[in-house]
Amino acid sequence: MIEVLTAQSIPVPGELELAIPGDVGFFKVLFVVSFILHIVFVNLTVAGGILAVFNEWRGMRTGKEQYDRLARELSVQTSTHKSLAVVLGVAPLLIISVIYTRFFYVSTILVGKAWLMLIAIITIAFLLLYVYKFTWDRWMEKKGLHLFFGIGGTLLLLYVPLVFLTNISAMLQPELWVEGQSIFAASFHYPTVWQRYLHFLFATLAIMGLYLVLLGNRRSRRADHNAEDSRMLIDFGKRVAFLFTTLQVVAGPILFFSLKGQVRQGFLGGSALQTVLLSVALLLAIGLIVTLYLYKKKESVSLLRGALALLILVAGAMGWLRHEVRDAYLKPYQAAETIEPAAEKI
Amino acid sequence: MEFPSVEFPWLGSGTVVAIIAILHVVVNHAFAIGGSVLMVALEYKGWKRNKPGLDQVARKMSKWILIITTTVGALTGVGIWFSTTVIQPYAIGSLLRVFFWAWFTEWIVFVTEVSLLLLYFYTWDKWTGRKKIWHIRTGIALSVASWLTMAIITAVLAAMLTPGQWIETRSFWDAVANPTWLPSLLFRTFVAIALAVALFTPFIKKFAVDEPVKFDVLKDFGKWMLVSICFMLPFGAWYVSNLPEKALNLVVWASGLQGKELWFQVINFSALVIMLIMAIWLISRPQKIPFAASALVAFASIGLIGEFEMVRETIRKPYVIYDYMYANGIRVDQVEQFQKEGFLPNSKWLGVREVTAGNMDEAGKALFKAQCTACHTIDGWRSKRAFASRIQNWNAEQLDSYIKNLHDARYFMPPFAGTDEERKALAEYLAKASKGSQGELAGEGK
């Protein structure tokens, strides 16, 4: 009887009639891998926007043209990354829709209007950033207006993850589902949204930092390179990478302790796999911070390679971790397939 | 039913999807597919005949193709998916499962397409001289990849209208190789080129500076258009001949010209004639085409493709996936169950689990929300689908007996899926709501 009441009060949908067309375990692997690919380009896009406007502003304030050239470089990079970020998102969206239909569809519909508005918001953000990129020379005398377009596009981009994070946080907690919330109300209603946001934001900047170091190194090997500019890419990149990777020491635990107790327990000894995974991820992350610190002190190719390898491993481990978190949240709902209301009569 | 829903009281749910989808079709057909073909053809000709002017036009086109397809094009593409998840979760959820591997392949093709587009755009200056041929080849690969994205997604779209053998076999390949896939794909291929010509012509007219180059380009565009029309017609006819008979009978009605069959013929025939004139004009006297005429043809073409998509969507009624699922997300095989057990007890998100004497309004409203709002509104801009203008003079008894036989009287309507009590509750609610809102509207008017 209690079970029936639970099923009624928490309206988790039943499965669709058509079966999931393949092995769910295999789909989960595809999901984690394709999501990491997608999110890396999202990171590069968002951070590119932030750092471009930051450097343009620095250039305007100090009058140093070098900052302006760096900002311009970033705006071109962002423009490329954003196109790939969108198309790379197709696979993870496809897989999450298919293997988590019962949860993901509900949470998507609950934030439905904000979800639909994303189409317009991302389109406008991208168009603003194209204006930003393509008017760099033409609007040299209208720096304020130019910067305005960059800031506008970047702010819109910064709003987008909030909707995604609210959606994927909501899908994990059917016990909290309510209809008719605004996106901001929902972002506070589900307990992990802003903590995830902070973690995402730092990761975004950290990854971009390392990307800039790599870009600077590649540039410096080209015949037509401007030594001063590639030096700046490296110097700026390594500072950003170190700073924001280190800040994850704060953002990571904030997110971890916002997780539901039961779920958190799994990573603190409750589940051997989850505990080992978290420990390995933390060790890798610390390794990355140390490597970045050493690289900052004294540049060397091997340290840079090490940092890149560690970053890839950390991204992989974190991508897997967040998947474990998801399945831990959903376990009670998936184990006890909710009872169809019609079955009550039997 | 299983999922919550979002209401769009004035616009109507269907319209939300339609706006995004039509925008996508226009951009995708004209810029990504047709536009790429025109662009690479110009670049190739410019290179082969040593006409740098043509190369410049192709380059300019590539910039706009990049900007438009990676913003409006890409986002409305994802947008169709986003909006159907919110508005038609049962349909898109089912389609994703049927076409999972097609969709997954689409992901790879998308990434390839965008990578090629970026490569193409950023190598204009780098790949010159002996490397030029590689730039052209990249462009050709880009055109093929763009076309492939359409080839894959058209399978899904076609299967919604003609699922063919899939209904019985549930096999992926039957769903892909459905009766209208190939004809509609070939039809769309040439529509895309014609549409690209129609949309790019006014811009070439306005912004190409060098006159001989301009006329050269327009002449080529005319040839592309003429060829496209020649292929569009037989493939279009093949497409139409594979439509279900019931769907075919709805075409004129779906176009909004019911009872004016002559007008329907006249409009379609004129559109064809105008396209032909445009093509021949472009070929014979490119210098004589006024900008206004080309702009008019551009707008008319957008209207025509929009109308085509609306008609295609409408003739599928009462289904969203033919013979499998109705437009309101109820599967054909669920109707009997809901009529026997009741719809409300089987619905998780409506807040009402049964009809009682005291909750008729509430129950009726819940049923309206679940079974009608996929297409209908109480008040709304589409008067044919707004109850305030359709049924304001009907009383509850009339509505009740009408809804009972709805699917027989009007075969494009799905059957009501619920018990007699539930149907009564719906009828009561509709009778009240259609008058209530009309009253309010009249009151506001005073």
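These are my notebook entries on aromatic rings and cavities in this structure, which is a predicted model.

**Entry 1: ring pairs**
I looked up the aromatic pairs and found 55 over all chains. I picked one pair, F368(B) and Y429(B). Their ring centres are 5.7 Å apart. The planes meet at 45°, so I noted the pair as tilted; planes under 30 degrees apart would count as stacked and planes over 60 as edge-to-face.

Where do the two residues sit in chain B? F368(B) belongs to helix α15, residues 360-371. Y429(B) belongs to helix α19, residues 420-445. They are 61 residues apart, and the pair links distant parts of the chain.

Next I checked whether each is buried or exposed. F368(B) has a relative accessible area of 4%, so I wrote it down as buried. Y429(B) is at 12% and also counts as buried, because the cut-off is under 20%.

**Entry 2: a cluster and two charges**
I found a cluster joined by ring pairs. F26(A) and F27(A) are in it, with F100(B), W101(B), F104(B) and W107(B).

Then I looked for charges over rings. K82(A) lies over the face of F126(A), 5.4 Å from the ring centre. R170(B) lies over the face of W166(B), 5.0 Å from the ring centre.

**Entry 3: cavities**
I counted 10 cavities of 30 Å³ or more. The second largest has a volume of about 300 Å³. Its lining has 22 residues, and S5(B), I87(B), Y90(B), K369(B) and A370(B) are the closest to its centre. Helices α2, α3 and α15 of chain B each supply at least two lining residues. I sorted the lining of this second largest cavity into 13 nonpolar, 7 polar and 2 charged residues.

Notes:
Residues numbered from 1 in each chain as written. Chains lettered and ligands numbered in written order. Predicted model: local features only at pLDDT ≥ 70, side-chain atom pairs only at ≥ 80, totals over all residues. Heavy atoms only, no water. Phe/Tyr/Trp six-rings, centres within 6.5 Å; stacked < 30°, edge-to-face > 60°. Helix = DSSP H or I, 4+ residues; strand = E, 2+ residues; numbered from the N terminus. Buried < 20%, exposed > 50% of the residue type's maximum accessible area, 1.4 Å probe, protein only. Lys NZ or Arg CZ within 6 Å of the ring centre and 35° of its normal. 1 Å grid on protein atoms, 1.4 Å probe; cavity = no way out; pocket = protein on both sides within 12 Å on 5 of 7 lines; lining within 4 Å. Points joined across faces, edges and corners; volume = space filled by probe spheres on them. Nonpolar A, V, L, I, M, F, W, Y, C, P; charged D, E, K, R; others polar.
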